[in-house]
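Colleague: Before we discuss this structure, I should like each conclusion to be reasoned through step by step. May we proceed in that manner?

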Amino acid sequence: MNTDFPKKYNPKDFETSIYEMWEKNKKFEAQTSQTWDSYFIPMPPPNITSKLHVGHSLMLTLEDIMVRYHRMKWDSTLLLPGTDHAGISTQIKVEEKLAESGKTKHSISREEFMDACWDWNKEYSWQIQNQFRKMWTSCDWTKEKFTLDPDMNEQVNKAFVDLYNKWLIYRGEYMVNYDPYLKTVVSDQEVIYKEEKTKLYHITYFVSGSDNEVVIATTRPETLLWDVAVAVHPKDKRYKKLIKGQKKLILPIVNKEIPIIADEMVDMEFWTGAVKITPAHDANDFATAKRHDLPLDVVVLDKDGKMTKMAWILAWQDYLTARSNIVELLKAKWNLINVEDHTSRVWYAERWGAKIETIISTQWFVKIDPIVKKVIAWYKAKDFEIIPKKFNKTFEDWIYNLNDWCISRQLIWGHQIPVWYTDDWEIFCAATEEEAYQKAQEVHGKDVTLTRDTDALDTWFSSALWPFATLWFDIWAEKQTSKLYEQFYPAQVLETGHDIIFFWVIRMLLFWYEFTGQTPFEKIYLHWLVRDKHGAKMSKSLWNGIDPIDMIESYGTDALRLTLVIGNTPGNNLKFDEENVWNNQIFINKLWNASRFLHVNISDTAEKNTQKLEQALLKNYNDLMFHEKWILSRIRYLHDLVTESMENYNFSEAGIELQAFTKNEFCDYFIEEFKLTKSESIHGETVISYVLFKLLCLWHPYIPFVTEEIFGRIAYEWHLIDSTWSPVLLERDIDIEKEKELMIDIIKSVRNIRAENNVMPNKTIKLQIYARNKNAEFLEKVSWLIWWIVRSEETTVIDKKISSSQLAYDVIKSWIEVYVDTSNAIDSEKESARIKDQIQDTKEYIAILDKKLLNESFVRNAPETLVRAEMDKKSEAQEKLQKLQEKLQKIQ
């Protein structure tokens, strides 16, 4: 217990020691021996390639709010941390580091390269864990996992073998995206289109046995040497005779016949509506050729961007040289009609910027159709829920349109594919090399030699196993011994970004339903993305990124957490503004000072046990004063609302209500009323102690550090993290709340009148309130409170309305009006001079607007929206002028 209470909350003085205390006392560790309800969140593992960013901070904050809330409900909670090996990204970083010493992955052995990757992992996984701790996440560090841990690798191998044995993994030739820089396959979801200036070549293909011709337009003339057809749309009237007559075209340069085919993939509006089909170098061409049973496998461009031997006279040339040469040949043959500038969409790797080629390649694939049917069936049966619901559409767009998943990558770093080959390429799939040899020797004898596939698995393959593999559960083992799995399976929530629904969420669902027949998680909470304050995506190139550690160093963890969570509608992106972090730091200090006030004004012997305080209030409720009953009714409302919001994952809504209650009802009204009535109230200390302690509990999931520190300074002998999320037993009193709302409306009105009339805070006014019947009776009882809060010389309740131009007034409701006499509170001469200056400034502003609006050229040529905006400004200025003149008249 620390009884000292500084005037200002400085997070740097407390956060580290609080977190160390929590961790030392094992507050984050999951309790597997208890019979409580379980609450498990498998933390999305960040890549080991770089430091954490503000998006990770949002993820960690949301997960921590969920876990702390359920921990206070006395659920057995588990927030399981870990990191991902990030195959491609890490290999890029390691290759860059090797290049600094003049090495490449080709100049060293596979083992040496793996050692370099492990060294990288050791360095950066430690950094990431430190950042996790700096963001003060209450995860169970004793269960931290890495996707390349030995037990994880074993699970991955067994999963691969299981799917292979079920004929759900196969090796086949297909069109894939290929990165010539990394020399590996990449998925469609890892590439983006960029628009590039290029040339469009119009080439004539003559009709065989005729003087007719078909003109096609292409950006890649170097690939035409192995065109297998020219395609047109079946409804294109220009080519109906050619299609009906089954005519052939003469392939330029090569002088061989190729068919003209009808296919609906052709865009009739694209130039002549005729496109050449080169299956080995374009995904659409590949699909078209398959539909028409055309040759697929002739490759004229290799993985390094050079022409192959199949390109004949262009063989071994780089593609740009080959393009230049074939253009000259087409000119000489009179096949080239025109060349023009063109903007083309080109594939690039989204994260590392390499230009992507589409090639036919032999790779390993997961057969999706039999697996995805199970996910779709359980999705329709509502076996899992997606929050917010708006992302159901995104989920359906993916789940109903999945293709087979290419899972092989030509990488060293990662889970090496558990497949071995004989010298004649016979396949033996096994979880270990020993098992592979046992299988091979049964077929070929002991002298057989096997070579392991050098490819690695797509990183998302191992990530798809994350929820159950992290629980030390082996579904393929004979004995199931994982207590973690028994208690926490399935996860109650998967919390992640909506941008990886396909990459991660769907693939986990595919694997879990296939391997266990159950959902991996009951709810999928998809958080928003964090943008800069203008709504732009954060990136290093734009210099608009936010380092969360910098924010924590400047403002504290709690202020950053509030900024990321409060005020944003789930499903919409968050515009991050540092000013909001600063404002939240000010709010946190307001809560600190309110608590400090309690610390100073409550006796050391006062009761501190929340349950005993509540029992005392229940027993003596009839003896409480009006404002005390009101604040207890409001804390009951607040507790119920926050609890419901927590259960429904409406964290922003709950946070907004908590802030409003803390700033307005508790600090601005109740504490002021407590000061005024302290000597008269019998149970005032009990009420304010109970409300503050309840408020700290409600705030703890959001701002755990300041609440824990306050809790420890108000003479408590235990930790707030151990407190119970218990219900408020005191009932709401709606009538009292309505009466208090009326009183607050009157106070706000008087404060506005004081501000409008420039009445200084130390000056008093005279207040009269018109009210009738019950309202009058109530206001008579609380007039002394209103008098004190608004600094009035006298406050009277009257039963007749006043008609006087000398008084400021406001209509609260049709049956309540307030009249304020400010004559004794202001210096008439100074105030008149001030208002006259404002009147003159406003007239000059209106004159400027008039000059612009009377300018015919401006009105005629300016956009209508701009003209309307200027007219609105004039209307607002004229309204302001009228009010100033009325105010001046009253003063004079």
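The exchange below concerns a predicted model and takes up helices and individual residues in turn.

Colleague: What distance separates the end C-alpha atoms of helix H9, and what span should its residues give?

Modeller: Helix H9 comprises the 12 residues 369–380. At 1.5 Å a residue, the span should be 16 Å. The end C-alpha atoms agree with that expectation, for their separation is 16 Å.

Colleague: Which residues of H9 are buried, and how wide an arc do they cover around the axis?

Modeller: In H9, burial applies to Ile371, Val372, Val375, Ile376 and Tyr379. They lie on the same side of H9 because the arc they cover around the axis is only 135°.

Colleague: Which residues are exposed on the other side of H9?

Modeller: To count as exposed, a residue must have over 50% relative accessible area. On the side of H9 opposite the buried residues, those that are exposed are Lys373 and Lys380.

Colleague: Against which elements do the buried residues of H9 pack?

Modeller: Both helices and strands take part in this packing. The strands are S14 (357–366) and S15 (385–387). The helices are H5 (150–165), H10 (391–399) and H15 (501–515).

Colleague: How are helices H17 and H18 oriented to each other?

Modeller: The axes of H17 (residues 557–565) and H18 (residues 578–601) come within 8 Å and cross at roughly 120°. H17 contributes Asp558, Ala559, Leu560, Leu562 and Thr563 to the contact, and H18 contributes Asn580, Val581, Asn584, Gln585, Phe587 and Ile588. The crossing of H17 past H18 is right-handed. An angle that is neither roughly parallel, roughly antiparallel nor roughly perpendicular counts as oblique, and the two helices are therefore oblique.

Colleague: Is Leu598 buried or exposed, and which residues does Leu598 touch?

Modeller: Leu598 is placed in helix H18. Its relative accessibility is 2%, so Leu598 counts as buried. The C-alpha atoms of Leu598 and Ile714 are separated by 8.3 Å, although these residues are 116 residues apart along the chain. Not counting residues up to four places away in sequence, Leu598 touches Ile688, Ser689, Leu692 and Ile714.

Colleague: Which residues are in contact with Thr77, leaving aside its neighbours within four places in sequence?

Modeller: Thr77 belongs to strand S2, residues 76–80. With a relative accessibility of 5%, Thr77 counts as buried, since the cut-off is under 20%. Leaving aside neighbours within four places in sequence, the contacts of Thr77 are Ala30, Tyr39, Val67, His70, Arg71 and Phe488.

Conventions. Residues are numbered from 1 along each chain as its sequence is written. This is a predicted model: local features need pLDDT of at least 70, side-chain atom pairs count only at pLDDT 80 or more; totals for chains, interfaces and linings use all residues. Side-chain values use heavy atoms; hydrogens and water are left out. Helices (H or I, at least four residues) and strands (E, at least two) are DSSP runs, numbered from the N terminus. The expected span of a helix is 1.5 Å times one less than its number of residues. Buried means under 20% relative accessible area, exposed over 50%, partly exposed in between (1.4 Å probe, protein chains only). The arc is that of the directions from the helix axis to the C-beta atoms. Contact means heavy atoms within 4.5 Å. Axes are lines fitted to C-alpha atoms, for helices over the stretch in contact, and angles run from 0 to 180 degrees between N-to-C directions. Angles under 35 degrees count as roughly parallel, over 145 as roughly antiparallel, 65 to 115 as roughly perpendicular and the rest as oblique. A crossing is left-handed if the near helix is turned anticlockwise from the far one by less than a right angle, and right-handed if clockwise.
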